[in-house]
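Biologist: Before we begin, please show me the model. I should then like to put some questions about its parts.

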Amino acid sequence: MGVDVTVVGSGPNGLAAAVICARAGLKVQVLEAQPTLGGGARTLPDPEFGDVRHDICSAVHPLALASPFLAEFDLPARGVTLKVPEVSYANPLPAARAAVGYHDLERTAAELSDGDSWRRLLGPLVRRDAAVLDVLLGDKRSIPTNPIVAAQVGTRLLEQGTPAWRALSGEDARALFSGVAAHVISPMPSLVSSGGGLMLATLAHTVGWPIPVGGSQAIVDALIADLRAHGGELVTGHEVTEPPGGVTLYDTAPTALLRIYGDRLPPRYAKALRRYRFGPGVAKVDFVLSDEVPWADERLANAPTLHMGGTRAQMAAAERAIRKGRHPEWPMVLAALPHLEDPGRIDARGRRPLWTYAHVPSGSPVDQAEAVTRIFERFAPGFRDIVVAVRSVPAARLTDHNANLVGGDIGVGGNTLFHALAGPTPRLNPWSTPIPKAYLCSSATPPGGGVHGMSGYFAARTMLRREFGITELPALTP
């Protein structure tokens, strides 16, 4: 039996598309250039201390319980344990008490200098979180199911995405929100960083920010198991250099099509792809630690996720600098200690992983290990003493293990307002291409970056309708 659909790339979006197609009764193959499957959601052993496993790109998953695709796929029912921490995230502050974002909205507000301001910003969204996700994770082409919530989201987008963001009172609250918004790696304030911040901060107080037991790979493995159960085939170590033939979904950077199709691309589309621009990058720094981080603020000991960019003003200045190609002295650093919720990540000798990345200019060759270490030392004196090993990958080398991360851009160029709405090139349907039977399903397409599977979901929906006349998507439940 021949192949009906080929998916190029085995990241969460590619696997989501493959699962949907296989469940629709089609013969599906997934081709992956790397020796392991999972793209940005892989977990691999440390090269020296094999019982310590590092999450290669993503470590914490706010959308694992909330994404419409993953919610219907139902990871817990498939044996994936998602531990929801009491502290969703925390933001250490220089010369001040840390700002802590608890799973509990009221507890968060109670510890902020102006808790009412935090309640006003997020309270209405927390009470209607499903409708909020419909607005922020939708295909941007459908009328929102709840216009009132759409208006509430819209006013907050404008507030926190413009100089009006001062409406959020208190330096601690401003830093707390900015640390979440910085996940998007976009200038602050901006509408795209505001949208990401509102979605992630809302989820922090609803479903929480889960840690998958066993690492991010657990999510990937559940998708792979379902795909194989429905006849899907997966091939690793297979770099696609020519069109596979037939219907193909690309979980790749859009620019990969220039290499794969060459002169066969329509000239106007080829020109648009050559003009495609990637955003700033991240430098990945993983640590192996011998003990718990010696935080000066003991409340941070319960925070699996940390935003270590300082104050709102410092974060905004750092994001402006990297856009201009400069390395800030204090870059925005995101960090995760998954073992706090998943003790199985600690090996028999007490070693555990610390996941971090620092925001840097696109294509930066600079090793950020020392910069990240200095920032930890600022808030946890003695941190250097518990570091057993450092695994550092500059932004310029992230494509070694994931070709999509051009210049270190983990959003694959999709984290701009234009691309969030229109896709990689201006098209009525951003998951389609002018190439017959070829579709894009990576995070370069709406709704953008994150482990949510929704780009794959929307691409599969488009392709099934156009190529196979399938208008009703298959059920995803186990």
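Biologist: In which loop is T425 found, and is T425 buried or exposed?

Modeller: In this predicted model, T425 belongs to the loop between helix 14 (417-422) and strand 16 (438-440). Buried means a relative accessible area under 20%. The value for T425 is 6%, so T425 is buried.

Biologist: Leaving aside neighbours within four places in sequence, which residues is T425 in contact with?

Modeller: T425 itself lies in the loop that follows helix 14 and leads to strand 16. With neighbours within four places in sequence set aside, its contacts are Y269, A272 and L273.

Biologist: Which strands stand at the edges of the open sheet of five strands?

Modeller: The strand order in this sheet is 9-2-1-10-16, with parallel pairing. Each edge strand has a single partner strand, so one side of it is left without a neighbour in the sheet; these are strand 9 (233-235) and strand 16.

Biologist: In strand 10, which residue is the bridge partner of V7?

Modeller: Strand 1 (residues 5-8) pairs with strand 10 (residues 247-250) in the parallel sense, over four bridges. Within this pairing, V7 has as its bridge partner L249.

Biologist: Is helix 6 parallel, perpendicular or oblique to helix 8?

Modeller: The axes of helix 6 (residues 147-160) and helix 8 (residues 191-204) come within 8 Å and cross at roughly 125°. Angles of 65 to 115 degrees count as roughly perpendicular and those over 145 as roughly antiparallel. The crossing falls in neither range, and therefore helix 6 is, relative to helix 8, oblique.

Terms used
Residues are numbered from 1 along each chain as its sequence is written. This is a predicted model: local features need pLDDT of at least 70, side-chain atom pairs count only at pLDDT 80 or more; totals for chains, interfaces and linings use all residues. Side-chain values use heavy atoms; hydrogens and water are left out. Helices (H or I, at least four residues) and strands (E, at least two) are DSSP runs, numbered from the N terminus. Buried means under 20% relative accessible area, exposed over 50%, partly exposed in between (1.4 Å probe, protein chains only). Contact means heavy atoms within 4.5 Å. Two strands pair if DSSP finds at least two bridges between them. Axes are lines fitted to C-alpha atoms, for helices over the stretch in contact, and angles run from 0 to 180 degrees between N-to-C directions. Angles under 35 degrees count as roughly parallel, over 145 as roughly antiparallel, 65 to 115 as roughly perpendicular and the rest as oblique.
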